[in-house]
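Me: Hi! I've got a model open and would like to talk through its contacts with you. Can you take a look?

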Amino acid sequence: MPGCPCSPAAWSIVQGGALQRGAVGPGGSCHHLHPSPSPGAEVDFLGSDFSEKKMDQPSGRSFMQVLCEKYSPENFPYRRGPGMGVHVPATPQGSPMKDRLNLPSVLVLNSCGITCAGDEREIAAFCAHVSELDLSDNKLEDWHEVSKIVSNVPQLEFLNLSSNPLNLSVLERTCAGSFSGVRKLVLNNSKASWETVHTILQELPDLEELFLCLNDYETVSCPSVCCHSLKLLHITDNNLQDWTEIRKLGVMFPSLDTLVLANNHVNAIEEPADSLARLFPNLRSISLHKSGLQSWEDIDKLNSFPKLEEVRLLGIPLLQPYTTEERRKLVVARLPSVSKLNGSVVTDGEREDSERFFIRYYVDVPQEEVPFRYHELITKYGKLEPLAEVDLRPQSSAKVEVHFNDQVEEMSIRLDQTVAELKKQLKTLVQLPTSSMLLYYFDHEAPFGPEEMKYSSRALHSFGIRDGDKIFVESKTK
């Protein structure tokens, strides 16, 4: 059967942002009949010859096949609004497709076994409005197939290609050119080589965010031309340990705002302070979570980044011997310009508390071991005395004088016991049955007279008994 004359060029925008063919009959359907697809076959919705198309494609599931399966009306109910629905030509009764695919502007097709693009005309017709595309954890290994998809999604700004075996092919500049509109690119666990990254950087003039995690990098390779557009770089969970490799990132990305280096075991920041300022002049946020930093000098060097505001430093060897309170306060005090530490905002009150804590922490340390920051804070606050240790726990016992007739006996009583229990304790001393005792409490510092302890179940600590107070015992028979 010849190809259907309802070509992609004949599609037009209809109400609600949907796409529809130009060649339609009175009922809004295509004039031409289309054969029903065989079970498991890829559906050619634009009427091109299936057998010819199939011969040109790699084996496996195509992007278009998965797209039509996932976003069919049965699997993805239609939602009104611009760009939410795309019309396809009417198909004969029994076809698995209806007359519409409900495509949002954000497509998530991860873990679908995709190996190839499918018909490019269909991609162009269906995906003209798509701005974000997640193709992670598929089986794409040929950059040419990726290029076929991306080149037909003109509004694409976000692309996730994580966990695809794309290291098995070479990315040519002609292919990379199809990515030119992408602003956010995710290549985690793709094992993309630095040569591939350089090609991408050359062809993506507006790239702002790049994710290169889990790619087993041990070194960094600099391109011949730096990338001024990149603002955010995630390069976590690699094997970067030497600062000589990290500094190359500053050369490559001079406009970098956020650098995430978590789980890279960087063991030291081996760079003079003035050089750090030149390497990362715009860096606002850095994550060194679970790095290998072991020296306070490395923490102090973070002050050399002129615009640094946010730092993450959890799980580094340097801080392991300290308590949770000491870790945060000592770091906050050393980084006066940082307004967020480990995801939590540093308030003005917390900063002052931390700086005062820092002074007291080092007050008894030998002068040759005192950090420079200590002297800066002494200038700000003066030399502070250690805080008095105040035990706020309730007193558990008290030494009191027990008065009975003309006798005075000093004894220790537990304050967690009741009046009834105290009478039992005094029974032997005063030689009275508990039922015949009258007890009075006298606070030696209070201006009031004795207070009768008349309620047997009342706890002694509720009287506020302290050392030196008096208990008077009288007999009810008097």
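Reply: Happy to! One pair to begin with is R278 and D274, whose side chains meet in a salt bridge with an N to O distance of 3.8 Å. Bear in mind that this is a predicted model.

Me: Where do R278 and D274 lie?

Reply: Both are in helix α8, four residues apart, which is about one turn of the helix.

Me: And are they buried or exposed?

Reply: R278 counts as exposed, at 60% relative accessibility. D274 is partly exposed, with a relative accessible area of 48%.

Me: How many salt bridges does a search of the whole structure find?

Reply: The search turns up 21 salt bridges. One of them joins the side chains of R284 and D257, at 3.4 Å from N to O. That pair links distant parts of the chain, 27 residues apart: R284 is in the loop between α8 and β14, and D257 is in the loop between α7 and β13 (258-260).

Me: How accessible are R284 and D257?

Reply: R284 is partly exposed, with a relative accessible area of 27%, and D257 also counts as partly exposed, at 23%.

Me: Which residues are linked in a network of salt bridges?

Reply: E355, R373, E376 and K380 are. Within that group, the side chains of R373 and E376 meet at 3.0 Å, N to O. Both lie in helix α12 (residues 372-381), three residues apart.

Me: Why does R373 count as buried?

Reply: Because its relative accessibility is 14%, and buried means under 20%. Its partner E376 counts as partly exposed, at 35%.

Me: Switching to aromatics, how many pairs are there?

Reply: The count comes to ten aromatic pairs. Take W243 and F280: their ring centres are 6.5 Å apart and their planes are at 55°, so the pair is tilted.

Me: What does that pair tie together?

Reply: W243 lies in helix α7 (residues 243-252) and F280 in the loop between α8 (273-279) and β14 (285-287), so the pair ties together parts that are 37 residues apart in sequence. W243 is buried, with a relative accessible area of 2%, and F280 is buried with a value of 2%.

Me: Got another tilted one?

Reply: Sure, Y322 and Y361, at 6.5 Å centre to centre and 50° between the planes. Y322 is in the loop between β15 (310-312) and α10 (324-334), while Y361 is in helix α11 (residues 348-362), so this pair ties together parts 39 residues apart in sequence. Y322 counts as buried, at 18% relative accessibility, whereas Y361 counts as partly exposed, at 32%. Both belong to one aromatic cluster with W296, F357, F358 and Y362.

Me: What sits over the ring of F463?

Reply: The charged end of R458, 3.7 Å from the ring centre.

Me: OK, strands now. How many form the open sheet?

Reply: Eleven, in the order β6-β8-β9-β10-β11-β12-β13-β14-β15-β16-β17, with mixed pairing. The edge strands are β6 (106-108) and β17 (344-345), and each pairs on one side only. Further in, β11 (residues 209-211) and β12 (residues 232-234) run parallel and are joined by three bridges. There, L210 stands opposite L233 in β12.

Me: Last one: how many disulfides are found?

Reply: The search of the whole structure finds zero. C226, for instance, is in no disulfide, and the nearest cysteine sulfur, that of C227, is 7.8 Å away. C226 counts as partly exposed at 32% relative accessibility, while C213 is buried, with a relative accessible area of 7%.

How values were computed. Residues are numbered from 1 along each chain as its sequence is written. This is a predicted model: local features need pLDDT of at least 70, side-chain atom pairs count only at pLDDT 80 or more; totals for chains, interfaces and linings use all residues. Side-chain values use heavy atoms; hydrogens and water are left out. A disulfide is a pair of cysteine sulfur atoms within 2.5 Å. Buried means under 20% relative accessible area, exposed over 50%, partly exposed in between (1.4 Å probe, protein chains only). Rings of Phe, Tyr and Trp (its six-membered ring) pair if their centres lie within 6.5 Å; planes under 30 degrees apart count as stacked, over 60 as edge-to-face and the rest as tilted. Helices (H or I, at least four residues) and strands (E, at least two) are DSSP runs, numbered from the N terminus. A charge sits over a ring if NZ of Lys or CZ of Arg is within 6 Å of the ring centre and within 35 degrees of the ring normal. Two strands pair if DSSP finds at least two bridges between them. A salt bridge is a side-chain nitrogen of Lys or Arg within 4 Å of a carboxyl oxygen of Asp or Glu.
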